[in-house]
Structure formats: C-alpha cells, structure tokens
Amino acid sequence: MLSKIRTVSLIALASALLAVPAVAILVGPPWISIEYPVNPHDQTMRNAFLVVHCFHHSEPVACPMTGTAEGIVNGERRSIKLSFTETRRTGVYALGRQWPSEGVWTLVIRGSATAVVDLAPDGQVASVRVPSRQQDGWTIPVDVSMSEIDQGLRTRASALAVRQ
C-alpha cells in the first residue's frame, strides 16, 4: 500500500514539474499583430485583405475576434461590424474587405489586444499600431477609445479634403 502511495506521489510530482515550463511560456501580456500583404499561396487566406495573429506572450492562441471598420464617407460617419474567418493555424484569422472603397477608413480590430489599422486613400494599409504602455519591462496593450478613432478619422478626412 505504501509503495502505491509513493508511486502515485512521484507521478504527481513529475507531472507538476513538467507542467511548470508550459505555464511559464504563457506568462506575460497578450499581443496582436497584422499581416499585410497576405500570402497569396495559402488557400485558407485567399481573398483576405489582411490577416490577424493573436498571441499570449509569444505563443499563438485562439481568441475571440471582433472589430469594426470606422469611416467617413461623403462627410457622414459610418461604422461597419467586421467578421473574421479562422484559418488552419491557431490564433490566425483572415479579414476580407467589408467596407466600401470610397471614404476614409480605420479598422479597429480586437482580439487578444487591439490593433488600429489606418487605410490610405487608395485602400491599402497606411499604418498599423497597437496602443500600448511599458510596465515592468513588458509592453502592455491598452484599449483605444472610439473618440480617439473618431478624432483620427476627422483629421485624415480634413487633410484629404484640403488636398483635393
């Protein structure tokens, strides 16, 4: 009986020791990155405008994806809910174009963190940023307010109107 208890205890101890490195990998903040242009040779990403990668620290993880295309078209503010398609890779989501070509647009993509993607007048990606702050040696993602997005859109729309 004592031998069985000792064996079970050793198995439990070995399991706990082996589990520690796996947990240590997931320590740290979440992150999100945008892939653009998309690899045209991957069939699961064909017709995608861009691809979103979710991470917990350095490990790809599945995460709930939401987002909106925020725009100004003919002087009117617009908001379009985005839908994402899972790919064959963990934590990788394809986004097809779901907003019109006219107007000024910013994509607000929320997964493990928030990415803000400003689109150029020609419809291509002009910039990508993940709002963040530094803390204890980590880059920590922070949320972005819709008022910040709105202000950025209005500034870009005004600049575009002056150039035309």
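This passage walks through the overall build of the chain, then a cluster of aromatic rings, and then the surroundings of one threonine.

The model is a predicted one. Its chain holds 2 helices and 12 strands. Reading from the N terminus, the order is α-β-β-β-β-β-β-β-β-β-β-β-β-α, so a helix sits at either end of the run of elements, with the strands in between. Of the 164 residues, 35% are buried. The chain exposes about 9900 Å², and carbon and sulfur atoms supply 58% of that area. As for contacts between residues at least 6 apart in sequence, 58% of them join residues at least 24 apart.

Now for the aromatic rings. The structure holds 2 aromatic pairs. In one, Tyr 36 and Phe 49 have ring centres 5.5 Å apart and planes at 45°; that angle falls between the 30 and 60 degree cut-offs, so the pair counts as tilted. Both partners lie in the loop between β1 (30–35) and β2 (50–56), 13 residues apart. Tyr 36 is partly exposed, at 27% relative accessibility, whereas Phe 49 is buried, at 13%. The other pair brings Phe 49 together with Trp 99, edge-to-face, at 5.2 Å centre to centre and with 85° between the planes. Trp 99 belongs to the loop between β7 (92–95) and β8 (104–110), while Phe 49 belongs to the β1–β2 loop, so this pair ties together parts of the chain 50 residues apart in sequence. With a relative accessible area of 5%, Trp 99 is buried. Phe 49 takes part in both pairs, and Tyr 36, Phe 49 and Trp 99 make up one aromatic cluster. Phe 49 has a charged partner too: the charged end of Arg 97 sits over its ring, 5.9 Å from the centre.

Elsewhere, Thr 114 is worth a look. This residue lies in strand β9 (residues 114–119). Its relative accessible area is 6%, below the 20% cut-off, so Thr 114 counts as buried. The side chain of Thr 114 makes a polar contact of 3.3 Å with the side chain of Arg 110, and another, of 3.4 Å, with the side chain of Asp 143. Setting aside neighbours within four places in sequence, Thr 114 is in contact with Ile 32, Val 108, Ile 109, Arg 129, Val 130, Pro 131, Val 142, Asp 143 and Val 144. Asp 143 thus turns up both in that list and as a polar partner of Thr 114.

Definitions and conventions
Residues numbered from 1 in each chain as written. Predicted model: local features only at pLDDT ≥ 70, side-chain atom pairs only at ≥ 80, totals over all residues. Heavy atoms only, no water. Helix = DSSP H or I, 4+ residues; strand = E, 2+ residues; numbered from the N terminus. Buried < 20%, exposed > 50% of the residue type's maximum accessible area, 1.4 Å probe, protein only. Contact = heavy atoms within 4.5 Å. Areas by Shrake-Rupley, 256 points an atom, 1.4 Å probe, with all protein chains shown as cover. Polar contact = N/O pair within 3.5 Å; in protein donor to acceptor, adjacent residues only side chain to side chain. Phe/Tyr/Trp six-rings, centres within 6.5 Å; stacked < 30°, edge-to-face > 60°. Lys NZ or Arg CZ within 6 Å of the ring centre and 35° of its normal.
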